[in-house]
Amino acid sequence: MSSTHNLFMKAGDSFAVTYHLYEQIPDPDNPGEFIRGDLLDLTGYRVAAEIRPSKRASSTTAPPVTSFEVTISPTELGRLDLVLSARRSESLLSVKNPAWDLQVIDADNWVTTYIEGTITVSQDVTSLPEDIQ
């Protein structure tokens with residue numbers, strides 16, 4: 001089961017957020033629910049975090065608007081750093097209801113969505129210099 005974390009950012013600003021992922025242990029008292037376990041050791045795992053035009057948009061209905069750069073470090077402590085460049089955040093202004101999620105792929109190619117949410121982007125005032133990526 002994924003957690004919801006809605007993001008708020010300024011268009012044209014660099015954006016970064018850090019998450020720590022934990023093992024998801026089925027709750028024996030509440031079928032379908034999970035209990036937070038130990039920090040997830042991400043050694044050998046891959047992570048993807050994409051932004052799409054809406055929560056209803058899937059990989060088959062709409063390509064991603066953009067994606068986060070994801071760094072796993074240190075792997076044994078389940079830490080993920082997500083970064084969106086200034087140019088990428090600026091591109092979200094034209095998207096009406098952007099949504100995002102973070103998927104973890106283990107060594108057996110088991111895919112789990114850990115975090116999902118919407119993104120609220122507000123207009124900045126200062127224009128980005130041309131040399132900023």
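## A salt bridge within the helix

In this predicted model, the side chains of R87 and E90 meet in a salt bridge, with a nitrogen-to-oxygen distance of 3.0 Å. Both residues belong to helix α1, which covers residues 86–91, and they stand three residues apart, or about one turn of the helix. R87 counts as partly exposed, because its relative accessible area is 25%, and E90 falls in the partly exposed class as well, with a relative accessibility of 30%.

## The other salt bridges

The count of salt bridges comes to four, and two further pairs can be described beside the one in the helix. E50 forms a salt bridge with R52, in which the closest N and O atoms are 2.6 Å apart. The partners in this pair fall into separate accessibility classes: E50 is partly exposed at 29% relative accessible area, whereas R52, at 12%, counts as buried, since buried means under 20% relative accessible area.

The side chains of R79 and D81 also meet in a salt bridge, with 3.1 Å from N to O. Here the positive partner, R79, is partly exposed at 30% relative accessibility, while D81 counts as buried at 17%. In the pair E50 and R52 the buried residue is the arginine, and in the pair R79 and D81 the buried residue is the aspartate.

## Charge on the surface

Apart from these pairs, E23, D38, D41 and E76 gather in a patch of negative charge on the surface. One of its members, D38, is placed in strand β5, which spans residues 34–39, and D38 counts as exposed because its relative accessibility is 55%, where the exposed class requires a value over 50%.

Across the protein chain as a whole there are 10 positive and 19 negative charges, and the mean positions of these two sets are 9 Å apart.

## Backbone features in two loops

Two places in the backbone deserve attention against a general background: most residues other than glycine have a negative phi, and most peptide bonds are trans. The peptide bond from S73 to P74 is cis, with an omega near -10°. P74 is found in the loop that runs between β8 (69–72) and β9 (79–84).

The other case is N109, which has a positive phi of about 65° although it is not a glycine. N109 is placed in the loop between β10 (99–105) and β11 (111–122), and it counts as exposed because its relative accessible area is 53%.

## The chain as a whole

The protein chain has one helix and 11 strands, and when it is read along the sequence these elements follow the pattern β-β-β-β-β-β-β-β-β-α-β-β. The C-alpha atoms fill a box of roughly 50 × 30 × 25 Å, taken along the principal axes.

Of the 133 residues of the protein chain, 34% count as buried. The chain exposes about 8200 Å², of which carbon and sulfur atoms supply 50%. Among contacts between residues at least 6 apart in sequence, 62% join residues that are at least 24 apart.

Definitions and conventions. Residues numbered from 1 in each chain as written. Predicted model: local features only at pLDDT ≥ 70, side-chain atom pairs only at ≥ 80, totals over all residues. Heavy atoms only, no water. Patch = residues over 30% accessible without salt bridge, like charges linked within 9 Å, V, L, I, M, F, W, Y side chains within 5 Å. Areas by Shrake-Rupley, 256 points an atom, 1.4 Å probe, with all protein chains shown as cover. Lys, Arg positive; Asp, Glu negative; His and termini not counted. Charge placed at Lys NZ, Arg CZ, Asp CG, Glu CD. Helix = DSSP H or I, 4+ residues; strand = E, 2+ residues; numbered from the N terminus. Buried < 20%, exposed > 50% of the residue type's maximum accessible area, 1.4 Å probe, protein only. Contact = heavy atoms within 4.5 Å.
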